Amino acid sequence: MTQPGAQALPRIPAGRRQPFHSSWQVKLLALLVAAYAVYALGQLDFSYDRFIRGLDNGARFLSRMFPPSYKNWDQLLTGFIESMEIAVLATFFGVLLSLPIAILGARNLMPAWATWPARLIVTLCRAFNPVIVAIVFIKAVGFGALAGVLALVVASIGFVGKLFMEAIEEISMKQIEAVRATGAPFLSVVTYGVLPQVIGRLVGFCTYQLDANLRNSTMVGIVGAGGIGGALFAAFQRFEYDFVLAILITIIAVVLLGEFASNYVKRIFHV
Amino acid sequence: MAVVLSIKGLTKSYKPGVPVLKGIDLDFEERGLTAIIGSSGTGKSTLIRIINRLVDPSDGSILFKGLELSSIEGRHLREARRRIGMVFQEYNLVERLSVMENLLTGRLGYVSPMNAWRRKFPPEDVAHALELLDVIGLADFAHQRADSLSGGQRQRVGIARALMQRPEILLADEPTSSLDPKTSVEIMDLLKSQGVNNGIPVVVNIHDVELARRFADRIVGMTGGRVVFDGPPDQLSDDHLKLIYGGEGWLQ
């Protein structure tokens, strides 16, 4: 005779009773990271004493920044106009060059012999910080805005090129197939099948890149590649901290303005 | 009637040793609607896509008005594709383009990329597009974006796009599978009448046996990558359907 209670639960092997995985590899990795952080702090002479003294210096530095001084406003204006020009030119040429590179690099449109060189170019463009690229271009074309523009064109290709390539790889191939089936040449497949599917996102990338270039253009000036960064660095060296603050405030204002502008552009294009 | 398209010994394997098509021999004459029926995965779609080389055949010959399609590449392939209209199951319209732009896509094979980019099409193409919009009953939709249309409307645009090519044969890969029964009948009606009016053969893959019987002049039944029935609809018996789809419970 079978009783209801006799229907025992099936025996589960001990190893499977644990509801969650616990991996010793993850624990070991966390331990190693923590140990390395402590070691690196010691190596870099990062002590509590220095930290406290640093805070003190920082406070004195900040107090010397107030009130911001706009008496050199003409220097500020020239610097910003140049920065703006660097950002716009770099975005324009950067995006223009990104388009063919991204199409060549998209694995759903192109064979391997085209994709890997295009991907290599994009990876190289992303490999270095714009400041380092700017230093290289200063050696090549001399001090000034041209080096800044070239450095940011490279950065733009690295960023827009990569994102655009990924956007193209996500498009619906059904639409491409239909355009191909009409006997359209490749360039027409691109303009009628590929671009309509990605144009909205491309506008988004461009505005984002303009925003990034505006910020970066203030930075490449520090190494002598034109724009407001040069004035900022000079002011630091002359200990004109009140002018430094004036420049910093203006940079914040310009970046915010850039953000509003890109939102506005996105609204026009319905993205 | 003259044979327009002649397929001989056609095989296709996506993976080596696993053939999807195992030697297809079919001739299509210059008129009439042929329905290809068969269960899913039996190679109907592959067969129709091999004709305009959206899929490459493994072996065999596809002779289209004296032109061997199975081996051409590049410009010759594009020129051959211009002469073959294709309608897709999921319409495959370019969603963000307008209805008019989608129709003119059918002329891309004849217009230079530069002129296509600048939307400069010959006036007779634009006139033809407007005419076709009337035929498919979407005259007021020229400037609407394709993604704002209903399924039936999209498929009509898909058919109009294929007709814009002034094709010499019209292929349709499951054109009614995503549509309701009433719209399906309308789409089949449109395919049939356009084939007759333009004097071109129409080849349609279709799941729905009743629709096939109603509209086709000829039915080709496929199973397991082979043709097992080829004849007029009134000769298609229940025994044939059992052979094509397997089992019989579904017939009652």
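This passage walks through how two chains meet in a predicted model, and then through some helices and salt bridges inside them.

Let's start with the place where the chains touch. On one side, 18 residues of chain A make contact, and on the other side 29 residues of chain B do. The size of an interface is often given as the accessible area lost when the parts come together. Here, chain A and chain B bury about 2,100 Å² between them, and 61% of that area sits on carbon and sulfur atoms. Polar links turn up here too: the interface has 7 residue pairs in polar contact, both residues being at pLDDT 80 or more. There are also 2 salt bridges across the interface. One of the salt bridges in the model pairs the side chains of Lys174(A) and Glu90(B), with 2.7 Å from N to O. On the chain A side, helix H7 (173–181) and helix H8 (186–220) each supply at least two of the residues that touch chain B. Sorted by class, that side of chain A is made up of 9 nonpolar, 6 polar and 3 charged residues.

Next comes helix H10 of chain A, which covers residues 241–268. Its 28 residues reach 41 Å from the first C-alpha to the last, close to the 40 Å expected at 1.5 Å a residue. Quite a few of the residues in H10(A) are buried, among them Phe243(A), Leu245(A), Ile247(A), Val254(A) and Gly258(A). And what do these buried residues pack against? Their partners are helix H2 (48–65), helix H3 (73–105), H8 and helix H9 (228–237) of chain A.

Helix H4 of chain A, residues 112–127, is where Thr115(A) is found. Is Thr115(A) buried or exposed? Thr115(A) counts as buried because its relative accessible area is 6%, and the cut-off for buried is under 20%. Setting aside neighbours within four places in sequence, Thr115(A) is in contact with Leu104(A), Gly105(A), Ala106(A), Arg107(A) and Met110(A).

Now for the charged pairs. Side chains of opposite charge can pair when their charged atoms come close. Over all chains, the structure holds 26 salt bridges. One of them joins the side chains of Glu169(A) and Arg119(A), at 2.6 Å from N to O. This pair ties together distant parts of the chain: Glu169(A) belongs to helix H6 (residues 145–169) of chain A and Arg119(A) to helix H4 of chain A, 50 residues apart. Both partners are partly exposed, Glu169(A) at 25% relative accessibility and Arg119(A) with a relative accessible area of 22%.

A more local pair is found in helix H8 of chain A, where Asp211(A) and Arg215(A) lie 4 residues apart, about one turn of the helix. An α-helix has 3.6 residues a turn, so residues three or four places apart point the same way. The closest N and O atoms of the Asp211(A) and Arg215(A) salt bridge are 3.3 Å apart. Asp211(A) is buried, at 9% relative accessible area, whereas Arg215(A) is partly exposed at 36%.

Chain B has its own long-range pair: Asp173(B) forms a salt bridge with Arg49(B), and their closest N and O atoms are 3.1 Å apart. Asp173(B) lies in strand E7 (residues 169–173) of chain B and Arg49(B) in helix H1 (residues 44–51) of chain B, 124 residues apart. Both of these residues are buried. Back in chain A, salt bridges with shared partners join Arg107(A), Arg119(A) and Glu169(A) into one network.

Definitions and conventions: Residues are numbered from 1 along each chain as its sequence is written. Chains are lettered from A and ligands numbered from 1 in the order in which they are written. This is a predicted model: local features need pLDDT of at least 70, side-chain atom pairs count only at pLDDT 80 or more; totals for chains, interfaces and linings use all residues. Side-chain values use heavy atoms; hydrogens and water are left out. Contact means heavy atoms within 4.5 Å. Buried area is the accessible area (1.4 Å probe) that two parts lose on being put together, summed over both. A salt bridge is a side-chain nitrogen of Lys or Arg within 4 Å of a carboxyl oxygen of Asp or Glu. A polar contact is a pair of N or O atoms within 3.5 Å; within protein, one must be able to donate a hydrogen and the other to accept it, and residues adjacent in sequence count only if both atoms are side-chain atoms. Ala, Val, Leu, Ile, Met, Phe, Trp, Tyr, Cys and Pro count as nonpolar, Asp, Glu, Lys and Arg as charged, and the others, Gly among them, as polar. The expected span of a helix is 1.5 Å times one less than its number of residues. Buried means under 20% relative accessible area, exposed over 50%, partly exposed in between (1.4 Å probe, protein chains only).
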